[in-house]
Amino acid sequence: MISLKRNKKTGELVEATGLTSQKWRMYQPNQNKDFTVSRSRFDSYMTCHRCFYLKTNRGLMEPSTPGWTLNTLTDTLLKKEFDQCRNEKKPHRIMIENNLSHLVPFQHDDIDKWRNSLSGGLKHRFKETNIILQGGVDDVWFNTETEEIIVADYKSQQKNEEVTQENYFRGAYKEGYKRQLDFYGYVLKGMGYKVSKDAYLYICNAKEVEEGFHGKMLFDETLIHYEIKTDYLDDHIQSMIDLMNSEDVPESNFSCENCAYARQRSAYDTL
């Protein structure tokens, strides 16, 4: 899609430079000042080193995309449900339906901050570096039997195929969902919490109904289990930092569509 840059307050069109105006968002190789790397930024590194480096070190900004407002609303409504259960210290209905009544929403003074990726989030310094790992988790649950905390994330989608534990993780892009849970678990461990190997995705799948829309959408709700893996993250995070401290722009992922578009576009700019 073609995106036009606008003033966020007035909506008026402004010049698009392709560069960030917030210099503090750019990392200078071997800088001493702390620098925050979000979960989504780390995922960019895992996807394409060149795109990650050009954004992180050189301040290039990719075209903006519309917000996922329906997905955001689903998350907001689910958080209200879980917060009510949190206040009442009882399991949510999805936990009861899945024979997980020993799980309850985790009570913590910072839970709202942990869930706000823009102004808070989970935060942990990577070893003795200046890199702060950060991410906004959808929710954290508590296992009353093992006294471990559990990472939970909400996903909204529409597929005609029934969502099951057996078929959900089919498809390459679902690897990013697994990595997201791994990252949150890794950061929580770094923050000193006893983190369960069990994590869950709360899937809200919109149903196509024969009778039509009629001002409402119906969803099937499915809880998908995932076993967190964090051992591999140390090496990847260190490699990411090594790249950030390099002056050399890395090669792109040969499957990166952003890089492919940039190459083809630049060829026409020289004509």
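The following exchange concerns the sheets, the salt bridges and one pocket of a predicted model.

Reader: In what order do the strands of the 3-stranded open sheet run, and which are its edge strands?

Author: The pairing in this open sheet is mixed, and the order is β1-β4-β3. Neighbouring strands are turned by 25 degrees against each other on average, direction ignored. Strands that pair on one side only form the edges, and these are β1 (35-38) and β3 (122-125).

Reader: How many bridges join β3 to β4, and which residue of β4 stands opposite lysine 123?

Author: Strand β4 covers residues 131-135 and runs antiparallel to β3, with 4 bridges between the two. The residue of β4 opposite lysine 123 is glutamine 134.

Reader: Which strands lie at the edges of the 5-stranded sheet?

Author: This sheet is also open and of mixed pairing, with the order β2-β5-β6-β7-β8. On average, its neighbouring strands are turned by 30 degrees against each other, direction ignored. The strands pairing on one side only are β2 (103-105) and β8 (219-227).

Reader: Do β7 and β8 run parallel or antiparallel, and what stands opposite aspartate 198?

Author: Strand β7 (residues 195-206) is joined to β8 by 9 bridges, and the two run antiparallel. Opposite aspartate 198, in β8, stands glutamate 227.

Reader: How many salt bridges does the whole structure hold, and how many residues separate arginine 179 from aspartate 43?

Author: A search of the whole structure yields 17 salt bridges. In one of them the side chains of arginine 179 and aspartate 43 meet, at 2.8 Å from N to O. Both arginine 179 and aspartate 43 are buried. Arginine 179 belongs to helix α6 (residues 174-190) and aspartate 43 to helix α1 (residues 39-47), so that this pair links distant parts of the chain, the separation being 136 residues.

Reader: Why does the salt bridge of aspartate 139 and arginine 86 tie together separate parts of the sequence?

Author: The side chains of aspartate 139 and arginine 86 meet at 2.9 Å, N to O. Because aspartate 139 lies in strand β5 (residues 139-143) and arginine 86 in helix α3, the pair ties together parts that are 53 residues apart in sequence.

Reader: Are aspartate 139 and arginine 86 buried or exposed, and which residues make up their salt-bridge network?

Author: Aspartate 139 and arginine 86 are both buried. Salt bridges with shared partners connect them to further residues in one network. The members are Asp83, Arg86, Asp112, Arg115 and Asp139.

Reader: What are the relative accessible areas of glutamate 62 and lysine 55?

Author: These two residues form a salt bridge in which the closest N and O atoms of glutamate 62 and lysine 55 are 3.2 Å apart. Buried residues fall under 20% and exposed ones over 50%, so a value in between counts as partly exposed. Glutamate 62 is therefore partly exposed at 43%, and lysine 55 is likewise partly exposed at 23%.

Reader: Which element gives the most to the lining of the second largest pocket?

Author: The second largest pocket has a volume of about 190 Å³. Both α3 (69-88) and β6 (148-157) supply at least two residues of its lining. With 5 residues, the element that gives the most is α3.

Reader: How many residues of that lining are nonpolar, polar and charged?

Author: The lining includes Leu70, Leu73, Leu77, Met217 and Phe219. Asn71, Thr74, Ser156, Gln157 and Gln158 are also among the lining residues. The division is 6 nonpolar, 5 polar and no charged.

Technical notes: Residues are numbered from 1 along each chain as its sequence is written. This is a predicted model: local features need pLDDT of at least 70, side-chain atom pairs count only at pLDDT 80 or more; totals for chains, interfaces and linings use all residues. Side-chain values use heavy atoms; hydrogens and water are left out. On a 1 Å grid over the protein atoms alone, a cavity is a set of points where a 1.4 Å probe fits but cannot get out, and a pocket is an open set with protein on both sides within 12 Å along at least five of seven lines; lining residues have an atom within 4 Å of a point. Grid points are joined across faces, edges and corners, and a volume is the space filled by probe spheres set on the points. Ala, Val, Leu, Ile, Met, Phe, Trp, Tyr, Cys and Pro count as nonpolar, Asp, Glu, Lys and Arg as charged, and the others, Gly among them, as polar. A salt bridge is a side-chain nitrogen of Lys or Arg within 4 Å of a carboxyl oxygen of Asp or Glu. Buried means under 20% relative accessible area, exposed over 50%, partly exposed in between (1.4 Å probe, protein chains only). Two strands pair if DSSP finds at least two bridges between them. Axes are lines fitted to C-alpha atoms, for helices over the stretch in contact, and angles run from 0 to 180 degrees between N-to-C directions.
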